[in-house]
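Colleague: I would like a close look at one part of this model, namely the metal site and what lies around it. Please take me through it step by step, with the cut-offs behind each term.

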Amino acid sequence: MEPHAFDLVIRNAHIATATDVFDADIGIRDGKIVALAQSLASGAEEIDAAGRWVLPGGVDAHCHLSQPMNDGSVLADDFFTGTRSAACGGTTTVIPFAVQKKGGTLEQAITDYHAVSDGEACIDYAFHIIVADATPHTVEFELPGLIERGYTSIKLYMTYDDLKLDDRQILDVLAIARREGAMSMIHAENTDCIAWLTDRLLAKGLTAPRFHGLSRPNVVEREATHRAISLGEFLDTPILIVHVSSEEATDQIRQAQSRGLSVYAETCPQYLFLTAADLDRPGFHGAMCICSPPPRDATSQQAIWEGLANGTFQVFSSDHAPFNYNDPKGKKVGGEHGNFTHVPNGIPGIETRLPLLFSEGVMTGRIDINKFVAVTATDPAKIYGLYPRKGTICIGADADIVIWDASTNITIKNENLHHNVDYTPYEGRPLHAWPAVTLCRGVPVYQDGQFTGRAGYGAFLRCERPTPAKPKPNFGKSTPWLDIL
Ligand code: URP
Ligand code: ZN
Ligand code: ZN
């Protein structure tokens with residue numbers, strides 16, 4: 001018998017990349033895409049995708065799995081349950097965070113994070129680094145070596161007592177990122193404004209979940225976003241503002257980009273599909289939607305949609321930070337008798353990220369299919385140094401592919417999700433799209449409504465230096481101080 005030309009052929013694929021739409025069969029061998037053409041020879045396995053969108057697997061460039069917390073809370077998802085959930089929602093690569101402890105080294109953070117992820121992930125994964133203790137040893141000695149070894153993105157916090165850096169420390173890290181070609185991700189909220197306002201709210205007995213939102217108003221995010229942009233401009237180095245929530249922060253980013261600065265930005269489902277009103281759900285249920293920055297109003301929601309459509313945002317991530325609700329280590333820490341500061345920040349969304357955006361973005365015409373691919377897969381892969389292995393459909397890329405069913409009518413129900421969390425903030429929301437098949441390196445990890453992957457299939461990815469999504473301008477003229485550094 002003739003041997004098959006391919007391990008798998010996806011027939012009649014209606015393919016979208018970040019730039020093109022075309023019809024082809026996809027030939028897969030040894031986990032890679034090796035042919036894109038009409039009427040390919042046979043595969044050992046074949047899938048007919050006629051009438052369906054076939055897109056690159058999602059790259060979720062911001063999620064929290066098995067991350068140690070300092071406040072007694074415990075994340076509900078580890079690398080197995082988190083990546084299982086991701087796969088079922090069409091994501092094939094995740095990038096969670098190896099967090100440095102205060103007083104600890106980055107090397108220890110990386111070692112510990114490999115220890116909890118090795119043999120656990122169902123899809124491929126890389127690590128960002130969180131620098132929480134910017135000592136000279138950390139910044140000047142450890143960071144360059146880790147960037148060289150494939151940990152090429154660094155998250156910096158401007159708030160949270162256990163994580164925050166001051167501006168000078170941020171500059172120390174940005175200077176190394178600039179020299180070594182790493183990407184700096186910044187959580188932009190003004191920590192002193194939040195602390196000042198929180199003290200006053202609590203003193204007045206204003207403790208309910210909705211006051212979490214009031215304690216972090218738009219101006220807090222806008223000021224810090226402006227400052228982060230200025231620090232990046234000061235050192236002529238790219239930055240990426242994570243989880244942007246408001247119209248005002250979006251405007252800051254847009255203005256910076258229009259001045260030619262290398263400022264990238266990420267937004268997340270919670271800023272499109274939740275508002276401040278969700279923090280005021282009956283009882284203590286608003287706690288389910290507590291995240292930082294908090295969900296805003298309808299005007300900001302609209303600005304975030306526009307920012308996705310007009311290219312202000314390059315990255316659409318889940319910021320999956322899952323805590324159970326009915327759990328003493330979760331959202332009800334302190335319970336109704338506590339206050340909003342006792343509620344761990346973050347919401348689950350790793351599985352619903354892509355279906356929500358496909359259904360509410362592409363199918364309503366708010367964004368086109370190429371933009372969907374760009375912000376959910378291609379641009380995150382570029383920005384974090386995984387492209388073109390990840391984030392696109394081309395010859396030589398990993399066969400990370402999602403065949404979409406965009407003629408479905410379903411309702412989001414937590415009982416149908418695959419995370420390890422006892423709620424979803426999107427319970428009851430109707431959807432019209434869900435993956436039919438998710439392939440990670442040519443192997444189905446989700447098919448016919450079932451998780452078909454396994455723990456340990458996912459491979460660790462070393463990241464290259466970022467591929468900027470646009471050319472880096474030369475600011476030499478406006479930053480003469482850089483010549484003497
Ligand atoms: O509230 C949030 N976003 N929690 C996750 C941690 C972070 O800052 O991304
Ligand atoms: Zn953050
Ligand atoms: Zn996060």
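Colleague: Which protein residues are the donors of the zinc ion (ligand 2), and which atom does each of them use?

Modeller: This is a predicted model, in which local features need pLDDT of at least 70, side-chain atom pairs count only at pLDDT 80 or more, and totals for chains, interfaces and linings use all residues, while side-chain values use heavy atoms, with hydrogens and water left out. Residues are numbered from 1 along each chain as its sequence is written, and chains are lettered from A and ligands numbered from 1 in the order in which they are written.

The protein donors of the zinc ion (ligand 2) are Lys155, through NZ, His187, through ND1, and His243, through NE2, and they lie 2.1 Å from the ion. Donors here are N, O and S atoms within 2.8 Å of the metal (3.2 Å for Na, K and Ca), and because water is not among the atoms, sites may look incomplete. Along the sequence, the spacing of the donor residues of the zinc ion (ligand 2) reads K-x31-H-x55-H. His187 belongs to strand 12 (residues 183-187), and His243 to the loop between strand 13 (239-241) and helix 8 (247-258), so this pair ties together parts that are 56 residues apart in sequence. Helices (H or I, at least four residues) and strands (E, at least two) are DSSP runs, numbered from the N terminus. His187 is buried, with a relative accessible area of 1%, and His243 is buried too, at 2%; buried means under 20% relative accessible area, exposed over 50%, and partly exposed in between, with a 1.4 Å probe and protein chains only. The zinc ion (ligand 3) is 4.2 Å from the zinc ion (ligand 2).

The next element of the site is ligand 1, which is surrounded by 13 residues, the closest being Lys155, His187, Ser292, Asp319 and Asn345; a residue is counted here if one of its heavy atoms lies within 4 Å of the molecule. Lys155 and His187 thus appear both among the donors of the zinc ion (ligand 2) and among the closest residues to ligand 1. A polar side-chain atom of His187 is 3.0 Å from an oxygen atom of ligand 1, and an N or O atom in the side chain of His64 is 3.2 Å from an oxygen atom of this ligand. Asn345 takes part through its backbone, with an N or O atom 3.2 Å from a nitrogen atom of ligand 1. On its own ligand 1 has 260 Å² of accessible area, and the protein covers 94% of it; such areas come from the Shrake-Rupley method with a 1.4 Å probe, and for residues only the protein chains shown count as cover.

Ligand 1 takes up the space of the largest pocket. On a 1 Å grid over the protein atoms alone, a pocket is an open set of points with protein on both sides within 12 Å along at least five of seven lines, whereas a cavity is a set where a 1.4 Å probe fits but cannot get out, and lining residues have an atom within 4 Å of a point. A molecule sits in either if more than half of its atoms lie within 2 Å of its grid points.

Ser292, one of the closest residues to ligand 1, also deserves a look at its backbone, for a cis peptide bond, with omega about -10 degrees, joins Ser292 to Pro293. Most residues other than glycine have a negative phi, and most peptide bonds are trans. Pro293 is found in the loop between helix 9 (270-273) and helix 10 (298-310). Elsewhere, a cis bond also joins Tyr387 and Pro388, with omega about 5 degrees, and Pro388 is in the loop between helix 12 (369-383) and strand 16 (401-405).

Ser318 can be added for its sequence position beside Asp319. Ser318 is placed in the loop between strand 15 (315-316) and helix 11, and it is buried, with a relative accessible area of 1%. Its side chain makes a polar contact of 2.6 Å with the side chain of Asp60; a polar contact is a pair of N or O atoms within 3.5 Å, where within protein one must be able to donate a hydrogen and the other to accept it, and residues adjacent in sequence count only if both atoms are side-chain atoms.
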